[in-house]
Amino acid sequence: MDRPVSSAGRILHIDLTSGKIWTEPTDTYSAKFIGGRGIDLWLLYKGVKPWMTPFDPANRLIFGSGVLTGTMAPCATRYSLEAKSPVTGATGSGNSCGFFGQEMRLSGYDHIVIQGKARVPVYLWITNEKVELRNASPLWGKTTWETDQWIKEEAGDKRAQVACIGPSGENLVKTACVITNRARAVGKCGLGAVMGAKNLKAIAVRGTGSIEMAYAERFMDEVDRVLEKLKRSDRAESLRKWGTYGRPIPLNESCLFPVRNFQDDHWDPDKMNKLLPDVYRKDYEVGRRGYLSCPLYCSHLYKIDEGPYAGLTCEGFEFNTVWNFMSRLDIDYVPAVIKLHSLCNEYGLDQDSSSCVIAWAFECFEKGILTEKDTGGLKLKWGDHEVVAELLRKMAFREGIGNVLAEGSQKASTLVGKGSERYVTHLKGQDSMEAMRAAKGWALGCCVSTRGGGHTRGANLVELAHKAIPPEVAQKTWGIPGVAEPSSCEGKAQLVTYYERLQAIVDSLGLCLFTSTWWSPDLLDPEDYARLYSAATGREIDGKELVLAGERIHNVEKAFNVLHAGFCRQDDYPPKRFMEEPVKSGPARGEFLRRKDWDRMLDEYYELHGWEKKTGWQERSQLERLGLEEVADDLERAGRLAPLF
Amino acid sequence: MSHLKVDLDRCVGCKTCEIACSYHHRKVFDPKIASLEVGEAPEWPGVSIILYEEQTGSEMGSHLSCDACEGEPGALCTKYCPVGAIQLQSRRSCRG
């Protein structure tokens, strides 16, 4: 079979400057880069050159549905989004749940590549029959919720799916994200700002096509088999019951709760007890939400009836929100957490990075570096959620101190000076949201992440459950004799390497990480995904070949980062604070990231990849093994290919 | 006469039933031909489900009539609903 069947078949290109629209076949890239994130990344690599800046019209903003998006494969509901990031100057990449990915495929396109800049604000209206640039002037300044509703009403079609930006994206806020379904975000990397720089308020898709499998019955047999796996897993059951915010106490007891801008990684248990999942369920939850083919339906719906935030109804939140708007800012008022989560969605702000830069400002205020004179009279006192809400608004509209915070804490600290740099915790220029001093493998995964931090590009969740993992499972899954405790560096580089490739696969298929061995070793592994992929596309591959594709995708991201941002070994080290200040309280008190441990883990990590230890750069032989000769040539021309000797 | 009974309080709005249904009819994943359609109820966070007992034609699709998954061991919307919100009534004595 020449072409993978599970494909809309076409990539849509739109130049907003000239208005030119054209298509090309998806097949050109499918065999090497699968789909979703993989093909997006290659289109980014090929189309955006190192001398182009993130806000140049020439930067590409690329939406990609996965090969299995829109099918019955579990959680086949995600789309990826990539561009050169205005935060890191390197790979900007993320993906999101919601119905956008499915609708995009039904409208006839696997990927939508946008370049150029519209003269006036526009939104794209895409169906199987036409691609239209429509006037978005009435929408400029509107929130994502207003935009979503307005476009659907204008189209007279509630099934249209909208990916849009809020005021933050329009104002080129570096923590701006892209929102679909009012609550589903492609958060990190400032991709909403790239969209704003193109004067593109939204993309709306409405499809009437269908998605066909190469071997329909075989595909459904595979679906049944993997659904059974998801049904039997206790960890999957926990998601069904609680969503991602399920068991905060063990994480706090492992000292993985960022407190007051990382002054500690263990939160006051009395405060924690006020905000346990039971409280949200009992007093605020009014329902559940699931997206296409999702057997986990982890999303919760909330309603606030009393207090300053009464009247709010919304979908959300995730575990990240607990770190972002509880412990990080020391807020112990339950409705505030829901409200701040929603405000971020409405303004189109990534809540992870936004809460980080606000926490940085709070600590600067605490230390006397920032004063009321700088903040427009606001007192930045830990726990004051109303001040946080006001700062989010100021960031979204770049008003007063918000104009500084909108740059992210690394840049903001260079504007503020006065020693404020000391309180910044960034990775590759992007605010880092995870507490990590107590778990070395988790830390390594976050720090080497190709998208500038984040825990979905290599970070593992299994070291916290190390006691429950039998040696034979560790050997079979990760090729290590056992999973060592979080404080140990042993075998952690192997875990990171495994998850980097797995996550590239899952993102390229358009599925959710919670279906995979990332969430639990008894869930879907590369072999499971290969069986689904083969039945869907007719291209017969096994788990090993899929892992190789994952490695290839990861290597393209790495090369993009080296070429565009000049990243090397020093950019894979943790924030200084985590290497100098130990955890102050809790069971992991005294833990920090020691340089000599990190040196050793990085050496192992680079060796596993076949990258040079001294620079962290790639070697030609490894790139050629992955079929990336032209990437090796590009790196060589730039003088950033690891030397042979 | 409907073959299906839906518990809207349980429904999480995932629309998996739509594509399971289209698979039954044509072995493809295609919401526009499904015999049921999931939408938002006027009052948040409610969900609405329309069951198409007869084939309909419109600009955006042509929903095929529900045949209670004739030829399948059971209704696929029931089988794949993650929360058990859809129940197939007896094929012989269906009640709405």
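1. Start with a pair of residues: A:A163 stands opposite A:I203 in strand 12 of chain A. Strand 9 (residues 161-164) and strand 12 (residues 200-206) of chain A pair in the antiparallel sense over four bridges. For the terms, two strands pair if DSSP finds at least two bridges between them. Strands (E, at least two residues) and helices (H or I, at least four residues) are DSSP runs, numbered from the N terminus.

2. Before going on, a word on what you're looking at. This is a predicted model, in which local features need pLDDT of at least 70 and side-chain atom pairs count only at pLDDT 80 or more, while totals for chains, interfaces and linings use all residues. Residues are numbered from 1 along each chain as its sequence is written, chains are lettered from A and ligands numbered from 1 in the order in which they are written, and side-chain values use heavy atoms, leaving out hydrogens and water.

3. Strands 9 and 12 of chain A belong to an open sheet of six strands, in the order 8-7-12-9-10-11, with mixed pairing. Its edges are strand 8 (131-135) and strand 11 (184-186) of chain A, each pairing on one side only. Neighbouring strands here are turned by 20° against each other on average, direction ignored. Axes are lines fitted to C-alpha atoms (for helices, over the stretch in contact), and angles run from 0 to 180 degrees between N-to-C directions.

4. Strand 7 of chain A deserves a look. Six of its six residues are buried, so strand 7 is largely enclosed by the rest of the structure. Buried means under 20% relative accessible area, exposed over 50%, and partly exposed in between (1.4 Å probe, protein chains only). A:V122, A:L124 and A:I126 point one way from the strand, and A:Y123, A:W125 and A:T127 the other way.

5. What flanks strand 7 of chain A? Strand 8 of chain A pairs with strand 7 in the antiparallel sense over five bridges, and a hairpin of three residues joins the two. Across that pairing, A:I126 stands opposite A:V131. Strand 12 of chain A pairs with strand 7 in the parallel sense over six bridges, with A:T127 opposite A:R206.

6. Helix 4 (residues 144-155) of chain A lies across strand 7 (122-127), strand 9, strand 10 (178-180) and strand 12 of chain A, and runs at about 140° to strand 9. One residue to click on in helix 4 of chain A is A:K152. Is A:K152 buried or exposed? At 13% relative accessibility, A:K152 counts as buried. Setting aside residues up to four places away in sequence, A:K152 touches A:D157, A:K158, A:A160 and A:V162; contact here means heavy atoms within 4.5 Å.

7. Staying with A:K152, its side chain has a polar contact of 3.0 Å with the side chain of A:D148. A polar contact is a pair of N or O atoms within 3.5 Å; within protein, one must be able to donate a hydrogen and the other to accept it, and residues adjacent in sequence count only if both atoms are side-chain atoms. The C-alpha atoms of A:K152 and A:A204 are separated by 8.6 Å, though the two are 52 residues apart along the chain.

8. Chain A has another open sheet to check: six strands in the order 2-1-6-3-4-5, with mixed pairing. The edge strands are strand 2 (21-25) and strand 5 (91-96) of chain A, each pairing on one side only. The average turn between neighbouring strands of this sheet is 15°, direction ignored. Strand 1 (residues 10-15) and strand 2 of chain A pair in the antiparallel sense over five bridges, and A:I11 stands opposite A:E24.

9. Helix 18 (residues 409-416) of chain A has A:S409, A:A412, A:S413 and A:V416 buried. Down the helix axis these buried residues fall within an arc of 100°, so they line one face of the helix; the arc is that of the directions from the helix axis to the C-beta atoms. On the other side, A:T414 and A:L415 are exposed. Just after helix 18 of chain A, A:G417 takes a positive phi of about 65°.

10. Finally, chain B: two helices and five strands, in the pattern β-α-β-β-β-α-β along the sequence. Of the 96 residues in chain B, 49% are buried.
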